[in-house]
Amino acid sequence: MARAMWKGQLQIGKQQLGIKLYSAVEDRTIRFHLLHAKDQAPVEQHIIRKDTGDEVAKDDMRKALALSAQTAVVLQPDDLEKLVPPESRDIEITRFIARDVLGDQWFERPYYLGPDGDNGSYFALAAALARKDVIGIARWVMRKKRYVGALSAVDGFLTLTTLRRADQVLSFSGIEPAKSVAPQASELKLAQQLVSSIEADFDPSLWQNEYRQRLCKLIEAKARGEKIKAVPAKKKRAPASLEESLRASLAAVKEKKVA
Amino acid sequence: MPSRKRGHGADAPAQEAGARVRPLWTGTITFGLVSIPVELVTAVRPRQTAMKLVDKSGHALGREYHCSKDDKKLSQDELVRGYETDSGKMVVITDEEFASVAPEMSGDIELRNFVPIEQIPPIYFDRPYFLAPAGKSTKAYHLLTATMEKAGRVGIGSFVMRGHEYLVAIVADNGVLRADTLRYADEIRTPETMGLPKHGKPTASQVTQFVKIIDDLTRSELDLTELEDQEARTLEKLAQTKQKEDEDVIHRQGLEQAEGDEGGAKVIDLMAVLRKSLSKTAVVKTAGDSAPISLDERRAARGAPKRKTRKSSGKRKASR
């Protein structure tokens with residue numbers, strides 16, 4: 001059973017709800033140590049002055065905010081302290097919006113919320129969010145940092161996903177392809193047929209990280225002292241005209257369905 | 001994985017001068033037998049709270065690796081990666097071996113199926129990247145974009161970049177393709193594995209009470225000031241005050257070379273890259289410069305209303 005990493009209070013209008021916060025992500029990254037190739041000794045990281053190469057002690061390191069390429073303001077420890085937001089356990093919900101107002105590029109890190117005492121209200125809120133098909137915009141301070149997030153219901157449970165900031169997300173308007181490359185009606189029709197021929201429901205269990213699995217096997221084999229064999233080269237495809245490729249693809253899909 | 005960054009550090013000065021931006025990945029999207037050459041660049045900028053590492057008097061600092069045995073300074077070429085097994089044994093994996101477990105997959109993103117975007121729970125989304133067309137002809141690129149936007153579907157596939165295999169949703173948004181990396185199912189915890197209590201049955205009156213509260217607080221738009229980076233604003237103000245009082249202000253050659261406090265992410269001129277590769281008329285901006293996000297606009301931009309109403313609106317000419 002996972003341990004809650006934080007406890008807080010959802011503040012929705014005049015309503016309060018105690019919750020526990022759990023990471024929704026299980027880190028499965030395979031981590032490596034950096035070693036010196038020659039003697040396989042672990043490496044140490046040193047912080048040095050770029051101009052002289054002299055090592056700098058931790059106490060002498062500062063952070064600087066760049067104002068231009070060659071001008072910066074150095075922040076002293078008491079400056080950094082001023083930047084820490086006031087502590088609070090409140091997760092304030094500022095508004096609810098339809099679920100698809102926010103594009104997925106805003107979502108950063110997901111957390112599950114669990115009830116802290118009042119199970120009835122917890123599941124009632126999740127049910128209400130699902131019924132209205134909305135997400136809540138949340139703000140809170142956790143571990144000395146400010147967060148903005150989206151409160152939503154997933155399979156009857158509450159999740160809180162941190163959001164990226166307005167300055168980080170890039171957006172476009174007005175991409176109009178030049179006439180010469182705008183798709184023809186016939187091509188659009190074929191492409192649509194092709195897309196609908198491989199339409200499916202989202203099923204994440206169909207996808208495994210094969211690379212990670214192979215890397216694990218490689219590590220295990222090497223740990224046992226086995227020899228590793230060489231690998232085949234990549235395959236290449238011959239280019240064809242767009243319409244030809246679409247027709248051939250559709251034919252291939254149909255053939256598969258018959259078989 | 002530092003050794004993968006080798007090529008990166010080498011052309012850093014060129015990047016900062018804005019001369020040439022190297023995409024993070026170059027490859028081909030394939031669906032059926034159609035292939036679309038693309039370049040992948042990040043779609044999110046680092047937060048503006050990212051700072052440089054300096055010493056007390058403002059000299060730029062950097063990182064160096066030293067051997068723990070003989071304290072010799074090591075270049076990237078002298079480093080290898082080792083995996084420590086549970087029994088404490090160190091297994092060295094060479095660059096060639098890393099490459100050997102990622103054959104074939106590295107050059108392609110094969111779209112194996114198309115799914116409705118609303119079926120992917122937000123907790124799956126990890127990092128967004130833009131895909132810019134890279135081939136001589138951008139025709140197939142525009143075709144895939146238009147087709148997916150009309151159908152309200154996203155393509156699902158996987159690819160290998162810098163030693164990791166990524167599951168991605170290829171999303172068409174406003175005429176541009178994005179590759180949004182997704183977490184794998186085994187990276188997502190479930191309420192059961194976390195030990196959350198079983199679904200309680202909330203009483204109808206409790207649900208109604210929350211529905212009422214939600215209705216009161218529901219708005220049709222999201223005001224982007226709510227997503228503003230307050231920490232960055234506070235930091236900016238502090239820096240301005242210090243600059244005015246001429247306190248701790250430093251001017252120094254080579255300052256831009258200093259290591260960043262968050263792994264030293266390089267700020268590249270994304271806008272320029274995308275503008276160049278897509279269309280001269282394209283406007284690229286950060287969300288911070290835009291009007292509030294409204295649902296109607298997003299739906300209109302997609303050109304595809306919700307699935308329920310797609311049939312009835314099918315006769316209308318698509319907005320783009």
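This passage describes a three-stranded sheet and the surroundings of one glycine in a predicted model.

The sheet is open and is built from strands of both chains, in the order β3(A)-β6(B)-β7(B), with antiparallel pairing. In general, the strands of a sheet are joined through backbone hydrogen bonds, in either a parallel or an antiparallel manner. The edges are formed by β3 of chain A, covering residues 33-36, and by β7 of chain B, covering residues 90-93, each of which pairs on one side only. From one strand to the next, the twist averages 45°.

Within chain B, strand β6 (residues 79-84) and β7(B) pair in the antiparallel sense over four bridges. In this pairing, Tyr83(B) stands opposite Val91(B) of β7(B). A helix of chain A, α4 (residues 210-223), packs on the sheet and touches both β6 and β7 of chain B. The direction of helix α4 of chain A makes about 120° with that of β7(B).

Attention now turns to Gly27(B), which lies in strand β1 of chain B, a strand that spans residues 25-31. Gly27(B) is classed as buried because 22 other C-beta atoms lie within 10 Å, where 20 or more are required. When neighbours within four places in sequence are set aside, the contacts of Gly27(B) are Val38(B), Gly107(B), Asp108(B), Ile109(B) and Phe159(B). Gly195(B), by comparison, stands 168 residues from Gly27(B) along the chain, and the C-alpha atoms of these two glycines are separated by 42 Å.

Terms used
Residues are numbered from 1 along each chain as its sequence is written. Chains are lettered from A and ligands numbered from 1 in the order in which they are written. This is a predicted model: local features need pLDDT of at least 70, side-chain atom pairs count only at pLDDT 80 or more; totals for chains, interfaces and linings use all residues. Helices (H or I, at least four residues) and strands (E, at least two) are DSSP runs, numbered from the N terminus. A residue is buried if 20 or more other C-beta atoms lie within 10 Å of its own, exposed if 12 or fewer, and partly exposed in between; C-beta atoms are placed from the backbone. Two residues are in contact if their C-beta atoms, placed from the backbone, lie within 7 Å. Two strands pair if DSSP finds at least two bridges between them. Axes are lines fitted to C-alpha atoms, for helices over the stretch in contact, and angles run from 0 to 180 degrees between N-to-C directions.
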